[in-house]
Amino acid sequence: MKCTPSAPKPVTDEWIDRFVQHLTADRHASDYTVRNYTHALHEFHRWHEQERGAAPAWPRLERDDFRAYLRFLGRNRLSRAATQLRFSALRTFYRFLVGRGAAESSPIKNILMPKLEKRLPRFLTVQQMQDLLDAPAKASTGPADGKRRRGRPVEPGVVERDVAILETIYSCGLRISELCGLRVEDIDFSGQQVRVRGKGRKERMVPIGETALKSIARYWQLLPRPPMSDEPVFLCSRESSGAVPARTLQRRLKRHLAAAGLDPRLTPHKLRHSYATHLLDAGADLRSVQELLGHARLGTTQVYTHVTTERLEKAYDQAHPRA
């Protein structure tokens, strides 16, 4: 008989529940943030119950409690990024508790965290990006050997939707949550602009190319009726008025990456990396790219300059006679 690991013990904590409600209703955090922060707090809660024999009394916890938790994460070889994420959730949670008068101060202040590894963002070359954009349409024409495909037939309009989604992500540099949140009224076809709701519901206007706009219009023409102004740009299905889920987007992208001969493990966020890198390669200034991406800090955008600089140095070493 095959054994399966038991599910984690459910967590019941009034303050965590109120914090999650605050993230959703007041801060308009993305589903991704809500899920990750909830998971991080539940994980700490379970650790405290196991190590201390009781649920955490949040106002009475001390810095040493969190130092012990940090050592526990280190012993379990958790990556630095994953550790940072957990403590980011705990810091935000304590700011909420202090703001609500449930705690006098945050015990997490001044805890030294492991520095993040410096990793350059992965991206597709211009040619690879073109191959990916062509992949959905090529797949719809059927195999070259004429054999019938296995599995369920693709619903009419799905290929056109996938093309429009890929074109829009690459044309606007959107996060997946921003793409799923796009409404018809957000697109200005005549002005070739899109209103984007970013992290924390911060809005920005970004340009959108003619190719992307045409692909959206082509997709809408295949729907049973034109979408209303307050409806999502990209629907879950022809018969649904709900937005296409992020999970569906990720699954469809894997299929198209494989069809284009690219690494299917690449995420939708890598298309955003490609957008930023290609802009900088073409001479766009860093401040403009920061605004287009919706980064709050310029330092977040500067990581892309390392990519372009590294490529320029490599090209110089290979091409210059006196390099």
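## Getting to know a predicted model

Of the protein's elements, helix α12 (residues 298-319) has the lowest mean pLDDT, 66, and strand β1 (residues 187-188) the highest, 96. Here, pLDDT is the predictor's confidence in each residue, from 0 to 100, while helices (H or I, at least four residues) and strands (E, at least two) are DSSP runs numbered from the N terminus. This is a predicted model, so local features need pLDDT of at least 70 and side-chain atom pairs count only at pLDDT 80 or more, whereas totals for chains, interfaces and linings use all residues. Residues are numbered from 1 along each chain as its sequence is written, and side-chain values use heavy atoms, with hydrogens and water left out.

**Exercise 1.** Find which loop holds Arg 77, and work out whether Arg 77 is buried or exposed.

*Solution.* Start with the place: Arg 77 sits in the loop between α3 (63-75) and α4 (80-99). Next, the backbone: its phi is positive, about 55°, although Arg 77 is not a glycine. Finally, recall that buried means under 20% relative accessible area, exposed over 50%, and partly exposed in between (1.4 Å probe, protein chains only). Arg 77 has 76% relative accessibility, so it counts as exposed.

**Exercise 2.** Check the span of helix α9 (residues 246-259), then say where its buried residues lie.

*Solution.* The expected span is 1.5 Å times one less than the number of residues. For the 14 residues of α9 that gives 20 Å, and the end C-alpha atoms are 20 Å apart, which agrees. Now the buried residues in α9: Thr 248, Leu 249, Arg 252, Leu 253, His 256 and Leu 257. They cover an arc of only 165° around the axis (taken from the directions from the helix axis to the C-beta atoms), so they lie on the same side of α9.
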